[in-house]
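Let's take a look at a protein model together, going from a few ring-shaped side chains to the sheet. Have the picture open while you read.

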Amino acid sequence: PTHTLVEWELDHLGFSPYFGLFGDVTGTLQLDPKAPQNAKVSVTIPVSKVTTASAGLTSHLLRAPAKAGDKPDFFGANPADATFVSTVVNPKADNTAVIIGNLTLNGVTKPVTLITKFYGAGKMPSQMGGAENVGFVAEATIKRSDFGLGFMAPVLGDEVKLKIAAAFVKK
């Protein structure tokens with residue numbers, strides 16, 4: 001969890017890109033390097049721990065709706081964790097893979113395609129426990145309105161670019 005991050009970026013009213021992070025991501029990877037097509041990945045993203053450069057924006061992302069019974073503008077006060085579970089892994093010859101899976105966010109499940117690249121593998125230094133690690137980077141694009149998060153779309157960008165840095169420790 002301390003070495004896996006999900007960065008999100010969207011168009012901020014046509015003036016600039018804006019990005020934030022989800023950290024403390026947990027999950028599992030089942031991987032046989034000789035049969036990467038059989039890999040399975042499952043991750044949980046704690047939406048309630050969203051991080052931005054603006055305390056006001058972070059507060060707005062996690063704000064309860066103005067009136068009881070209304071929908072919040074974004075995630076709301078007690079958002080459920082998001083999850084991604086792979087369904088297909090298509091390895092390519094250049095240490096990349098197309099990973100298709102189901103993303104559940106804000107109570108909505110949709111298929112998402114991750115373009116994934118092997119980043120590195122090996123043992124951590126002994127000062128850090130010496131465990132075997134493997135890491136990947138991935139990118140995807142989703143529409144936040146597909147997940148019931150369309151507040152101010154499309155003026156506030158509907159398309160969200162995801163950049164993921166994931167590290168897994170061998171158990």
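## A buried ring

Let's start with Phe75: this residue is buried, with a relative accessible area of 15%. It counts as buried because the cut-off for that word is under 20%. Keep in mind that the model is a predicted one.

Phe75 has a partner, Phe22, and that one is buried too, with a relative accessible area of 9%.

## Rings that meet

How do you describe two rings side by side? A pair of aromatic rings is described by the distance of the centres and the angle of the planes. There are 4 aromatic pairs in this structure. In one of them, the centres of the Phe22 and Phe75 rings are 6.2 Å apart and the planes sit at 70°, so this pair is edge-to-face. Phe22 belongs to strand β2 (residues 16–22), while Phe75 is in the loop between α1 (55–61) and β5 (82–91), so the two rings tie together parts that are 53 residues apart in sequence.

Phe74 and Phe151 make another edge-to-face pair, with 5.2 Å from centre to centre and 80° between the planes. This pair also links distant parts of the chain: Phe74 is in the loop between α1 and β5, and Phe151 is in the loop between β8 (132–143) and β9 (159–169), 77 residues away. Is each ring buried or exposed? Phe74 counts as buried at 10% relative accessibility, whereas Phe151 comes out as partly exposed at 28%.

## The sheet

Now for the strands. Strands of a sheet pair through backbone hydrogen bonds, either parallel or antiparallel. Here you'll find an open sheet of 9 strands with antiparallel pairing, in the order β2-β1-β9-β8-β7-β6-β5-β4-β3. Which strands stand at the edges? They are β2 and β3 (26–30), each with a single partner strand, so one side of each has no neighbour in the sheet. On average, neighbouring strands of this sheet are turned by 20° against each other, ignoring direction.

## Who sits opposite whom

Let's walk through some of the pairings. Strand β1 (residues 5–12) runs antiparallel to β9, with 5 bridges between them, and Glu7 has Lys163 in β9 as its bridge partner. Next, β9 pairs with β8 in the antiparallel sense over 11 bridges; look for Gly135 opposite Ala167 in β9.

Finally, β8 is joined to strand β7 (residues 108–123) by 8 bridges, and these two run antiparallel as well. To spot where they meet, find Thr116, which stands opposite Ala138 in β8.

How values were computed:
Residues numbered from 1 in each chain as written. Heavy atoms only, no water. Phe/Tyr/Trp six-rings, centres within 6.5 Å; stacked < 30°, edge-to-face > 60°. Helix = DSSP H or I, 4+ residues; strand = E, 2+ residues; numbered from the N terminus. Buried < 20%, exposed > 50% of the residue type's maximum accessible area, 1.4 Å probe, protein only. Pairing = 2+ DSSP bridges. Axes fitted to C-alpha atoms, helices over the stretch in contact; angles between N-to-C directions.
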